[in-house]
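Visitor: Please pick one part of this model and take me through it closely. I would like to know how its pieces fit together and what packs against them.

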Amino acid sequence: MPELPEVQTIVGDLKAAGVEGTVITGARVFWTRTIAEPSASAFCRRIKDKRISVIRRRGKFIVFDFENGDHLLMHLRMSGRLHLISQASPRKKHEHVILNFKGGKQLRFHDTRKFGRIYLTSNADKILGRLGPEPLAIEFTCKMLAGRLNLRRRLLKPLLLDQTFIAGLGNIYVDEALWEAKIHPCRIAASLTGTEIRALHRAIPRVLKRGLKNLGTSLGTGKANFYSIAKHQGRNHDKLKVFRRTDRPCPRCQMKIQRIIVCQRSTHICPACQKNET
Ligand SMILES: [Zn+2]
């Protein structure tokens, strides 16, 4: 699933391709459930002739702000991808929603597993307002993180994956951040010491910025893996320290990386660097 660095890379590519300022001349929906709100037919009517003013990211959502005050929110979930191509190009099987742009290009929402969702709304806050703080924002201070952790009796890993606790993290970057901070994913959030909270507060932006610099993480070369609009594969896979590196040496201490299951999620740790002392 694309996480903050992958979604931000897509947003950057859409901006670089000049999509801001473009007018949508029409839309077609081939799988109605992809449109979470409003109905597919209302979506097609309402989006016609709207001009995109700004494209941005909030959590794992791609947000298109329109000049008339409407917002188009896209969540790629497991397998969603965006293709920006000529309208002459034949539609592929899993391209479920097609937006026509003035000038002849199309933005196509491709989603083999069909979990991705698109919202068109005048009230983006109704959906985005539930999200926790942005970990790369200046407001994400150590004090704020400490205050939020101290209230929770939950295990750290599922808490960090919870988009209402902190927005944009997923399985890859949570495992990487916990390794950086030398904290076991099964620790109870409220049990972290001040030193551990400071380490976690440094680690989260560090792993996200590394992912961004490398244009996201592409796992393998299969079609389900992350590709940006510009068709480049993210290079961050080579920079990962623990994620899907089971039995390979920890880059810090050479102990073998272990794969464990935490709340049904596959999790990668160094058993020497990340001890579960509680
Ligand atoms: Zn280690």
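Guide: E6 and E8 run antiparallel and are joined by 7 bridges. Strands such as these, and the helices below, are DSSP runs numbered from the N terminus, with at least two residues for a strand (E) and at least four for a helix (H or I). Two strands are said to pair if DSSP finds at least two bridges between them. This is a predicted model, in which local features need pLDDT of at least 70 and side-chain atom pairs count only at pLDDT 80 or more, while totals for chains, interfaces and linings use all residues. Residues are numbered from 1 along each chain as its sequence is written, and side-chain values use heavy atoms, with hydrogens and water left out.

Within the pair, isoleucine 85 has glutamine 106 of E8 as its bridge partner. Glutamine 106 also stands opposite asparagine 100. E7 and E8 are likewise antiparallel, over 5 bridges. Their hairpin has 3 residues between the strands, and glycine 103 takes a positive phi near 110° there. E8 is mostly covered, with 6 of its 7 residues buried; buried means under 20% relative accessible area, exposed over 50%, and partly exposed in between (1.4 Å probe, protein chains only).

These strands belong to an open sheet of 9 with mixed pairing, in the order E2-E9-E5-E4-E3-E1-E7-E8-E6. The edges are strand E2 (35-37) and strand E6 (80-86); each has a single partner strand, so one side of each lacks a neighbour in the sheet. On average, neighbouring strands are turned by 30° against each other, direction ignored. Axes for such angles are lines fitted to C-alpha atoms, for helices over the stretch in contact, and angles run from 0 to 180 degrees between N-to-C directions.

Elsewhere in the sheet, E3 (residues 50-58) and E4 (residues 61-66) form an antiparallel pair over 6 bridges. Arginine 58 is matched there with phenylalanine 61 of E4 as its bridge partner.

Two helices lie across strands of the sheet. Helix H1 (residues 4-16) lies across E3, E4, E6 and E8 (105-111), and runs at about 155° to E3. Helix H2 (residues 40-47) lies across E1 (23-29), E2, E3, E4, E5 (71-75), E7 (95-101) and E9 (117-121), at about 165° to E1.

Now the side chains. In soluble globular proteins, nonpolar side chains tend to be buried together. A nonpolar core here is a set of buried Ala, Val, Leu, Ile, Met, Phe, Trp, Tyr and Cys residues joined through side-chain atoms within 4.5 Å. The largest such core has 31 residues, of which Phe43, Ile62 and Leu99 touch the most other members. Leaving aside neighbours within four places in sequence, leucine 99 is in contact (heavy atoms within 4.5 Å) with Ile24, Gly26, Ala27, Phe43, Ile47, Leu72, Met74, Lys105, Gln106 and Leu107. Gln106, the bridge partner of isoleucine 85, is thus named again among the contacts of leucine 99. A second core, separate from this one, has 30 residues, including Ala177, Val207, Leu208 and Leu240.
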